[in-house]
Every structure is written in structure tokens, then in C-alpha cells.
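Reader: I've got this one open on my screen and I'd like a close look at a single part of it. Could you walk me through how two of the helices pack together, and then what surrounds them?

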Amino acid sequence: MMGILNVTPDSFSDGGAYVTVEQALSHARQMQAEGADIIDIGAESSRPGAQPIDESEELRRLIPVLEAVHDAVPLPISVDTTKAAVARRAIQAGATIVNDISALRGDPLMAALVAETGAAVVLMHMQGTPQTMQQAPRYQNVVEEVSAFLCERVQAAIDHGIRRRQIILDPGFGFGKLQEHNLQLLASFDMLTHLGYPVLAGVSRKQFIGALVQQPVHERGYGTAGAVAVAVLKGAHIIRVHDVRSMRDTVSVVSAISRHARSGVEVSNA
Ligand code: HH2
């Protein structure tokens, strides 16, 4: 369970809520108490249409919070960034996972940094960039194309000296995808978990869930639980969420059922 800590003024669901070190630390502590296994700290929003920020602004928002969380919360820290210089400072301050939504394409120095430091790395699929990605997403077969992209990025990572055991994959729900694409990816999530790497599912409160339940961001908890349940049943290893406590319970129940499925009881895709 990866708990989201956005230290941004403009994230789509919690922008502005945790901008001071005190607020951010208190939220990280709360997520730990609620059962988070990893804290994912992001200082640049990637919501559709978000304006990019420069390195100094990202560092200014991120590092004091990351240092405080590292000192006070005994959990692995992931840094949600596409910039190698930001990832380097974050690793020096205690992060051990680089969550790179550009899958090493955003900064030519990122792959070498991950190889050199041995940090784990999340390689996420995105069609386009956050500025353009929701304008006209198009696929022939979204599951095959996302799988092929992730395999290609794994090879690029390995070519740069990154070890297989450092790699985590992510289909990037909401990143250059229409409603049908997000649903197809979730329905076929097991195709991704069969690629041989841990797979992360980031569905929390996203627009495709909002469209199904007709609810604003803070009322999407039950809808998110439905998507999380499917992802876990289909083999997701890491779930990236805003609401740790309720999703912890969702994951506990689904994982227990899933273990019985593996020991012989059939679970249909209901
Ligand atoms: N989604 C968001 C941000 N980072 N990283 C990974 N690996 N997978 C995701 O699905 C993912 C991600 C978007 O959600 P959030 O952080 O809540 O919003 P924002 O980008 O507006 O800060």
C-alpha cells in the first residue's frame, strides 16, 4: 500500500492540503498509522493540463518535507519526479524509490542515476505529456500497446545498467487514456502482472471512476475501492492511494479471497 503525499498547490484531489512541512508530516504519520507500507511524495502535479515547474521550485517544495518524513516515519519513501537532479537530492535525503511517470524518457540523466544509486524505479505508461495527454488519446489495442511500451522501457532500463530487481511497472491510469482504455486496462490487468515484474495500480479518485459514480473527487472512495479490488484480484503488487485506511481493508479482504483462489477455489471475475 503506497500512500500519496502531494506537496503541491494544484494536485487534482488534494492540492494545497499538505504544503507546509507540519501538515505533510502529520499526513505521512497518519498514513503510517493507517497501514501504509510506502510514502510516495510528489511536488509537481501531473493532472491533465498541469503546468510544469522548474527544478528549483520542485526541490523547494519537496526536500524539507522528504527530510522530515524520513526522520520521523520509518517507511520506504518514493519520490514522484521526472527530473534526475530532483531524484538525486531525494535519494540523498532518504528516498529509495523513484516514481518516474515518464518511464525514464523525461530526463536523459535519469536512467544512469537509477543504475548508479540502485534505487527501485517505477516505469509508467503515458501517451503524450500531462499538458496534452487527454486531448485525443488513441489506441488500436490499449492493453497490447501498453504492455509493448512497458517491455520496451524495461529493455531501455536494462541497457542503461538498471537491474531487473529494481523495476516496477505501471500502466498509468488516466495518463493519455479515455474511459474505455482505463476500463480495458483494469479488466486485463493480469496481462501486465504476467510480464514478470511487480505492477503498481494508481486508480485513486481518478476521473474515470468519477465518471462511473458521478461523484466529485472526495466522494470517490467506494468507487476507488471497486477498482482497487479488481486490480488486487488480478495480481497488482502495489496500490497507490489517497485513502489508506479504507483501501487497506479493501486489500485485506480481496487478498484473503485471492489466496483461496490460488489454493483451489475458483473466483469468477464478478
Ligand atoms: N498518478 C498520479 C501521479 N503519479 N504515479 C504513478 N506511478 N502512477 C499513477 O497512476 C500516478 C502517479 C496522479 O495522481 P495524484 O498524485 O493524486 O495527482 P497529481 O498528479 O495532480 O498530483
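Author: Let's start with a bit of vocabulary: an angle of 65 to 115 degrees between two axes counts as roughly perpendicular. Keep in mind, too, that this is a predicted model. Two packed helices are described by the angle between their axes and the distance between the axes.

Now take helix α5, residues 142–159, and helix α6, residues 179–187. Their axes come within 9 Å and cross at roughly 70°. That crossing angle falls in the range just given, so α5 and α6 are roughly perpendicular to each other.

Who does the touching? On the α5 side you'll find V142, V143 and V146, and on the α6 side H181, Q184 and L185. Sorted by character, the residues of this contact come out as four nonpolar and two polar, with no charged ones.

Stay with α6 for a moment. Its buried residues are H181, N182, L185 and L186. If you look down the axis of α6, these buried residues fall within an arc of 130°, so they line one face of the helix. As for what lies over them, the cover includes α5, along with α7 (189–193), α8 (207–213) and α9 (221–233).

Just ahead of α5, have a look at R138, which sits in the loop between β5 (120–124) and α5. Exposed means over 50% relative accessible area, and R138 has 65% relative accessibility, so it counts as exposed. Leaving out residues up to four places away in sequence, R138 touches Q127 and E145. Between R138 and Q127 there are 8.6 Å from C-alpha to C-alpha, with the two 11 residues apart in sequence.

That loop leads us from β5 to the sheet. Eight strands make up an open sheet, with parallel pairing, in the order β6-β5-β4-β3-β2-β1-β8-β7. At the edges stand β6 (167–170) and β7 (200–201), each with a single partner strand, so one side of each has no neighbour in the sheet.

Further along in that order, β1 (residues 2–6) pairs with β2 (residues 38–42) in the parallel sense over five bridges. If you want a spot to click on, G3 has I39 as its bridge partner in β2. Another helix, α2 (residues 55–72), lies across β1, β2 and β3 (77–80), and runs at about 175° to β3.

Note on methods
Residues are numbered from 1 along each chain as its sequence is written. This is a predicted model: local features need pLDDT of at least 70, side-chain atom pairs count only at pLDDT 80 or more; totals for chains, interfaces and linings use all residues. Side-chain values use heavy atoms; hydrogens and water are left out. Axes are lines fitted to C-alpha atoms, for helices over the stretch in contact, and angles run from 0 to 180 degrees between N-to-C directions. Helices (H or I, at least four residues) and strands (E, at least two) are DSSP runs, numbered from the N terminus. Angles under 35 degrees count as roughly parallel, over 145 as roughly antiparallel, 65 to 115 as roughly perpendicular and the rest as oblique. Contact means heavy atoms within 4.5 Å. Ala, Val, Leu, Ile, Met, Phe, Trp, Tyr, Cys and Pro count as nonpolar, Asp, Glu, Lys and Arg as charged, and the others, Gly among them, as polar. Buried means under 20% relative accessible area, exposed over 50%, partly exposed in between (1.4 Å probe, protein chains only). The arc is that of the directions from the helix axis to the C-beta atoms. Two strands pair if DSSP finds at least two bridges between them.
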